[in-house]
Every structure is written in C-alpha cells, then in structure tokens.
Amino acid sequence: MRTLIVANWKMNKNLAEASQFIQDLLAIWKAGGPGAHSTEVVIAPPYTALSPTGEALTGSPLRLAAQDVSAHKEGAFTGEVSAGMLADIGCEYGLVGHSERRSGAFESNAIVAQKAEQLCLNGLKPIVCVGETLGDRESGDTAEVVLEMLRSSLPPPGTPGRDKLVVAYEPVWAIGTGLTASPEQAQAVHAIIRDCLEEEMGEAGKRTRILYGGSVNPQNVKSILSQNDIHGVLVGGASLDAIEFGRIFGYLDSEDLPS
Ligand code: PEP
C-alpha cells in the first residue's frame with residue numbers, strides 16, 4: 001500500500017506563512033529520494049488557507065485536505081463549510097472525528113459518520129479519526145472503545161466511495177503531548193482495526209489504509225512505519241515546520257517501508 005503522510009496544521013498559519021511553507025516543502029520534495037516520491041503527502045491547512053494552498057499545490061504531487069466539514073449538504077448552517085464547497089476548491093481528503101473536535105466541539109460518532117458520508121458523496125476521501133483516552137487505556141478498554149468508535153463513525157454501507165476512506169488511529173493521550181504509542185502498541189490496535197474494517201467493509205476493508213497519529217516526528221517515524229498494519233502517519237505539531245515535516249517524508253527510503 002502506498003504510504004500516506006498527512007500534515008494537520010490545526011489553527012495555525014496565516015496566508016503568508018502557508019505560502020512560504022508550501023514553497024519550502026515543494027523544494028524539499030524535489031530534493032527527496034525515491035522513498036519521498038513513492039509517498040503520498042497531504043496538507044490540511046485551516047479553512048482560510050485552503051484555497052490558496054490548493055492553488056500553490058496545483059501541478060505538484062502533494063494533495064489537499066480539509067480539517068473538518070459540515071454534516072449537512074447545504075442550507076442554513078451559519079459558519080459551516082460543506083463537502084461540495086471543499087470539492088469545489090480541489091480538496092481530495094477531509095479529516096473527520098479528530099479528538100479535538102470530538103471533545104472540543106462535542107461531536108458524536110453519529111455526526112462523524114454523517115460528515116464522512118458527505119465527503120464520500122462529494123468525491124472526497126474521509127480520514128476517520130479514532131482513539132482512546134489515557135483512562136480507557138489504563139482500564140484495559142482500548143480495543144472496545146476504539147472499535148465502537150470506528151463502527152459508529154463509518155459512513156453507511158452503500159455510500160459511494162466508502163471503499164476509499166482512510167482510518168487514523170490517534171490515541172488521545174499521545175496527541176500534542178510528546179508521548180507516542182510504541183510501534184508495538186500502535187500495531188496491536190491497528191491489527192484490530194484491520195479486522196473490524198474487514199468485517200464492516202469486506203474486501204475493501206483489506207485495502208483501507210490505517211494511519212497512526214500522536215506526536216510523530218522525524219526521529220520516531222521510521223519505527224512506526226515499520227509495522228505491518230501502519231500505512232502512514234497523521235502529523236500535528238511536527239508538520240508546522242517545512243524542514244521538520246520534510247524530514248518525516250523527504251528522506252524515507254522505500255526499502256525501509258513495508259510493502
Ligand atoms: C494530530 O493533531 O492529529 C496530531 C497527531 O498531533 P501531534 O502530532 O501534535 O500529536
């Protein structure tokens with residue numbers, strides 16, 4: 001499976017900063033080795049920088065993602081942005097169910113599933129985020145929590161494009177904390193996510209890419225990606241600096257990665 005590396009800028013970067021980042025990153029991309037060029041790299045800027053970032057990426061192999069989307073198709077939803085609008089400006093992916101939205105904006109699994117459905121219906125690929133809290137892990141409930149979250153956050157069966165979705169496993173205790181799940185801890189959860197995807201989606205579930213997220217950096221990315229069921233990473237803090245982010249994908253060697 002092709003490795004997928006996603007930069008989630010969260011609420012960071014004005015237009016000038018976004019533009020400088022893309023200019024620097026494209027230069028790093030061009031200088032990168034074969035590993036870099038076989039990797040799919042996706043940038044998720046804040047809404048205000050989406051359109052100009054998309055324009056700056058035009059003609060490059062780098063792709064654009066939104067950090068969120070409305071659960072509704074259109075209408076009286078002040079402040080929201082629909083999947084159709086994101087398609088209109090060239091977004092290819094959309095994050096849904098990030099833990100900062102599940103906790104900060106009280107998004108339920110049902111809302112996350114509706115958002116994922118809207119993305120699919122508009123030709124975008126949802127990146128469905130799931131992950132346990134430290135309390136869940138300490139009480140031995142990681143598998144149960146993650147699987148319930150995943151099953152209830154998927155777009156309904158029969159949704160066109162459902163087979164193209166991506167799952168991101170992001171333990172909440174590892175996001176922005178500097179703590180990382182060990183490669184073995186992450187692999188154990190990815191393996192149960194894989195089984196669940198096969199149950200829910202059949203053949204397509206065998207091909208679904210499962211990303212790891214949680215304090216990924218240039219030092220730990222290779223060991224994380226060496227695991228069988230880890231097909232990429234979702235990067236927050238370390239994606240804000242073009243050189244640091246470039247180190248995450250730019251010099252990966254294809255032989256270092258599982259097939
Ligand atoms: C994230 O926000 O998805 C994330 C993984 O953040 P960080 O890399 O900063 O932990």
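These legends describe close-up views of a predicted model, taking the ligand site and then the cysteines.

**View 1. Residues surrounding the ligand in the predicted model**. The ligand is surrounded by 14 residues, of which the closest are Lys10, Glu170, Gly176, Ser215 and Gly237. When this shell is sorted by class, eight of its residues are polar, four are nonpolar and two are charged. The place that the ligand occupies is the second largest pocket.

**View 2. Polar contacts of the ligand with Ser215, Gly237 and Asn8**. An oxygen atom of the ligand lies 2.8 Å from a backbone N or O atom of Ser215, and a distance of 2.8 Å likewise separates a backbone N or O atom of Gly237 from an oxygen atom of the ligand. With Asn8 the contact involves the side chain, where an N or O atom is 3.5 Å from an oxygen atom of the ligand. Taken on its own, the ligand has 290 Å² of accessible area, and the protein covers 96% of that area.

**View 3. Cys91 and its surroundings in a structure without disulfides**. The structure holds zero disulfides, and Cys91 accordingly takes part in none, the nearest cysteine sulfur being that of Cys120 at 14 Å. Cys91 counts as buried, since its relative accessibility is 7%, a value under the 20% limit for that class.

**View 4. Cys129 and the cysteine sulfur closest to it**. Why is Cys129 without a bond to the closest cysteine sulfur? The sulfur of Cys129 is 14 Å from the closest cysteine sulfur, which belongs to Cys120, and this is too far for a bond, because a disulfide requires a pair of cysteine sulfur atoms within 2.5 Å. Cys129 is also buried, with a relative accessible area of 2%.

Technical notes:
Residues are numbered from 1 along each chain as its sequence is written. This is a predicted model: local features need pLDDT of at least 70, side-chain atom pairs count only at pLDDT 80 or more; totals for chains, interfaces and linings use all residues. Side-chain values use heavy atoms; hydrogens and water are left out. A residue is near a molecule or strand if one of its heavy atoms lies within 4 Å of it. A polar contact is a pair of N or O atoms within 3.5 Å; within protein, one must be able to donate a hydrogen and the other to accept it, and residues adjacent in sequence count only if both atoms are side-chain atoms. Accessible areas come from the Shrake-Rupley method with a 1.4 Å probe; for residues, only the protein chains shown count as cover. On a 1 Å grid over the protein atoms alone, a cavity is a set of points where a 1.4 Å probe fits but cannot get out, and a pocket is an open set with protein on both sides within 12 Å along at least five of seven lines; lining residues have an atom within 4 Å of a point. A molecule sits in a cavity or pocket if more than half of its atoms lie within 2 Å of its grid points. Ala, Val, Leu, Ile, Met, Phe, Trp, Tyr, Cys and Pro count as nonpolar, Asp, Glu, Lys and Arg as charged, and the others, Gly among them, as polar. Buried means under 20% relative accessible area, exposed over 50%, partly exposed in between (1.4 Å probe, protein chains only).
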